[in-house]
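Please open the structure in your viewer and keep the selection tool at hand. The tour below proceeds stop by stop, stating what to select and what is found there.

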Amino acid sequence: MIPAAFITGTSAGIGRAIAENLAAQGYRLILNARRTDKIEALATSLKENHGTECLLLPFDVRDRKAVEVAIESLPDDWKKIDVLVNNAGLAMGLSSIEEGNVDDWEVMIDTNIKGLLYVTRNVLPLMIAAGKGHIVNIGSIAGKESYANGNVYCSTKTAVDALNRSMRIDLAKYPIKVSAIHPGAVETEFSIVRFKGDEDRASKVYLGFENLVASDVAEAVWFILSRPTHVNINDLIIMPTAQPMAGVIHRKG
Ligand code: NAP
């Protein structure tokens, strides 16, 4: 049976790179994001390049009912999910806590924490029934160290880090593997989303140093997934060489 991976947030950036990497490794893919056109285009290119079978599941991870319905309605042959990558996430805004936009806070909390929980809770019964599975949570260095003005985003990724540890404990008995990757700066649509479409401001984030690219994280995901059955990578931090800590970047010029 060809293994199946369910990846959230595959319309851009890290999620799309993970889909491309796992397609090349021979996986079938369940592709999620809100932008249906983007995941349709990805599925077409994966089919052409790797012969990958894809099932599109375009829902908003914040919509609890939509998550339940989408996963419940999976055809039987797609209900055997070997890998879940909880990748969908975002930062919105960058401001000191007393000036924070509460609407932005809600979006980050609902997406990065509650969305991850909704998807995980609905996929887990399928993995438990199969007696195996592997969940990879995409956290962030922001969940390991806070940085100036990152307050709520850092908190949501700290929650992902804590949930990752808790899932690891709770799911070992099935046995389901649980891993997290915490990247530093990766150039994707992340900063464009954070700065609400201001591409000029977003591009400045990556000036003067060599940031990570999405495929660096995708390769780390594959490293985690390709360990032998008895090996679980609990936690992995991946940083640009020029970024030793969340809030420290050595820029040239
Ligand atoms: P990105 O290029 O903006 O991609 C984010 C993806 O998440 C998109 O596919 C987006 O798709 C999806 N998404 C956002 N909200 C969603 C929702 N409510 N429901 C479903 N899908 C949703 O950013 P990225 O850098 O690849 O981010 C991926 C993950 O890596 C995030 O969890 C982020 O926090 C984490 N991360 C990023 C960095 C970085 O520097 N880039 C560093 C550390 C961790 P739609 O908009 O089409 O829904």
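A crossing of two helices is called left-handed if the near helix is turned anticlockwise from the far one by less than a right angle, and right-handed if clockwise. Helices (H or I, at least four residues) and strands (E, at least two) are DSSP runs, numbered from the N terminus. This is a predicted model, in which local features need pLDDT of at least 70 and side-chain atom pairs count only at pLDDT 80 or more, while totals for chains, interfaces and linings use all residues. Residues are numbered from 1 along each chain as its sequence is written, and side-chain values use heavy atoms, with hydrogens and water left out.

**First stop: helices H1 and H8**

Select residues 13-24 for helix H1 and residues 214-225 for helix H8; their axes come within 8 Å and cross at roughly 50°. Axes here are lines fitted to C-alpha atoms, for helices over the stretch in contact, and angles run from 0 to 180 degrees between N-to-C directions. H1 and H8 are therefore oblique to each other; angles under 35 degrees count as roughly parallel, over 145 as roughly antiparallel, 65 to 115 as roughly perpendicular and the rest as oblique. The crossing of H1 and H8 is right-handed. On the H1 side, display Gly13, Ile14, Ala17, Ile18, Asn21 and Leu22, which meet residues of H8 including Val217, Val221, Trp222 and Leu225. Contact means heavy atoms within 4.5 Å.

**Second stop: the sheet**

Next, show the strands. In what order do the seven strands of the open sheet stand? The order is E3-E2-E1-E4-E5-E6-E7, with parallel pairing; two strands pair if DSSP finds at least two bridges between them. Strand E3 (54-56) and strand E7 (235-238) stand at the edges, each with a single partner strand, so one side of each lacks a neighbour in the sheet. On average, neighbouring strands of this sheet are turned by 15° against each other, direction ignored.

Select strand E1 (residues 4-7) and strand E2 (residues 28-31), which run parallel and are joined by four bridges. Within this pair, Ile7 of E1 stands opposite Leu31 in E2. Then add helix H2 (residues 36-50), which lies across E2 and E3 and runs at about 175° to E3.

**Third stop: strand E4**

Move to strand E4 (residues 83-86). Are its two faces covered or open? Both are covered: Val83 and Val85 on one side, and Leu84 and Asn86 on the other, are all buried. Buried means under 20% relative accessible area, exposed over 50%, and partly exposed in between (1.4 Å probe, protein chains only).

E1 and E4 run parallel and are joined by three bridges, and Ala5 has Val83 as its bridge partner in E4. E4 is also joined to strand E5 (residues 134-138) by four bridges, again in parallel, and Val83 stands opposite His134 in E5. From E4 the chain crosses through helix H4 (residues 102-130) to E5, and this β-α-β crossover is right-handed. A crossover is right-handed if, with the strands pointing away from the viewer, the path from the first strand over the helix to the second runs clockwise.

**Fourth stop: helices H3 and H4**

Add helix H3 (residues 64-72), whose axis comes within 9 Å of that of H4, the two crossing at roughly 25°. That makes H3 roughly parallel to H4. The contact involves Arg64, Val67, Glu68 and Ile71 of H3, together with Tyr118, Val119, Asn122, Val123 and Leu126 of H4. The crossing of H3 and H4 is right-handed.

**Fifth stop: Leu171**

Select Leu171, which belongs to helix H5 (residues 151-171). Leu171 is buried, with a relative accessible area of 5%. Leaving aside its neighbours within four places in sequence, Leu171 is in contact with Leu124, Ile135, Ile176 and Val178. Leu171 and His134 are 37 residues apart in sequence and 9.8 Å apart in space, C-alpha to C-alpha.

**Last stop: the loops**

Most residues other than glycine have a negative phi, and most peptide bonds are trans. Select Pro175, in the loop between H5 and strand E6 (177-183). A cis peptide bond joins Tyr174 to Pro175, with omega about -5°.

Asn149 lies in the loop between E5 and H5, and its phi is positive, near 70°. Asn149 is partly exposed, with a relative accessible area of 33%. Finally, select Lys196 in the loop between helix H6 (190-194) and helix H7 (199-204); the phi of Lys196 is also positive, near 55°.
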